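Good morning, colleagues. I should like to take a few minutes to present one protein chain, beginning with its contacts and ending with a single helix. Please look at the display with me.

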Amino acid sequence: MHRAMGAIVLLLCGIAVGADATPYTAVSEPMMVRAEQWFQRSPLYDQDACFMAGDGYARTDWRGVLGGCHQPYYRTDCSGFVSMVWGLPVSYATPRNGLEHDLMDVARVIDKDQLRAGDALLAWGKHVRLFEHWTDGSRTTYMAYDFGATPVKHQVYVWGAPGEYHYVPIRYAPR
């Protein structure tokens, strides 16, 4: 509990910690606060559920163009989590062949060395994870939020570790 409260204080003060961390920006700070709110509320992973940190769950409405969940509710899966963090109007899907609309409609690929808080790591057709900061100067370990199963995880990952997906860094870039 104390660790979680400390993380919230650091987030609200706009401070990122770690060996290679950069301070949150005016853009990334509200994103990371939203990520931490979902982490604290720990919604259940369900691709057919919609969730809002303050209100809980709502019914999914698949009649819309995208996602089945509309702001302020987001689908409780990896791409719904990133859509929520980025403040998108609907829950976009993880990019894969055959989809008309997905997160790449509102993002662009960046270099690994450009990663900063609020960017995402995309495993094409499989998963998306929210990057927070590097935890070492060699940029091989990083802190990220991951909603691939219940609960939302906030932990250190190793870039390119055995068993990990091949991730491509992406950044929210509204067109």
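Of the contacts in the protein chain with a separation of 6 or more, 49% are between residues 24 or more positions apart. Please bear in mind that this is a predicted model. The protein chain has 175 residues, and 47% of them are buried. Its accessible surface comes to about 8700 Å², with 56% belonging to carbon and sulfur atoms.

Turning to secondary structure, the protein chain holds three helices and nine strands. Read from the N terminus, the order of elements is α-α-β-β-β-α-β-β-β-β-β-β.

Let us now consider one sheet. Three strands make up this open sheet, arranged β2-β1-β3 with antiparallel pairing. Strands β2 (56-58) and β3 (74-76) each have a single partner strand and stand at the edges, so one side of each lacks a neighbour in the sheet. From one strand to the next, the twist averages 55 degrees. Strand β1, residues 46-52, is joined to β3 by three bridges, and D46 lies opposite T76 in β3. Helix α2, residues 28-41, packs on the sheet and touches β1, β2 and β3. The direction of α2 makes about 110 degrees with that of β1.

I close with helix α3. Is this helix mostly covered or mostly uncovered? Helix α3, residues 78-86, is mostly covered, as nine of its nine residues are buried. Among them are F81, M84 and W86. Just after α3, G87 adopts a positive phi of about 70 degrees.

Definitions and conventions. Residues numbered from 1 in each chain as written. Predicted model: local features only at pLDDT ≥ 70, side-chain atom pairs only at ≥ 80, totals over all residues. Heavy atoms only, no water. Buried < 20%, exposed > 50% of the residue type's maximum accessible area, 1.4 Å probe, protein only. Helix = DSSP H or I, 4+ residues; strand = E, 2+ residues; numbered from the N terminus. Pairing = 2+ DSSP bridges. Axes fitted to C-alpha atoms, helices over the stretch in contact; angles between N-to-C directions. Contact = heavy atoms within 4.5 Å. Areas by Shrake-Rupley, 256 points an atom, 1.4 Å probe, with all protein chains shown as cover.
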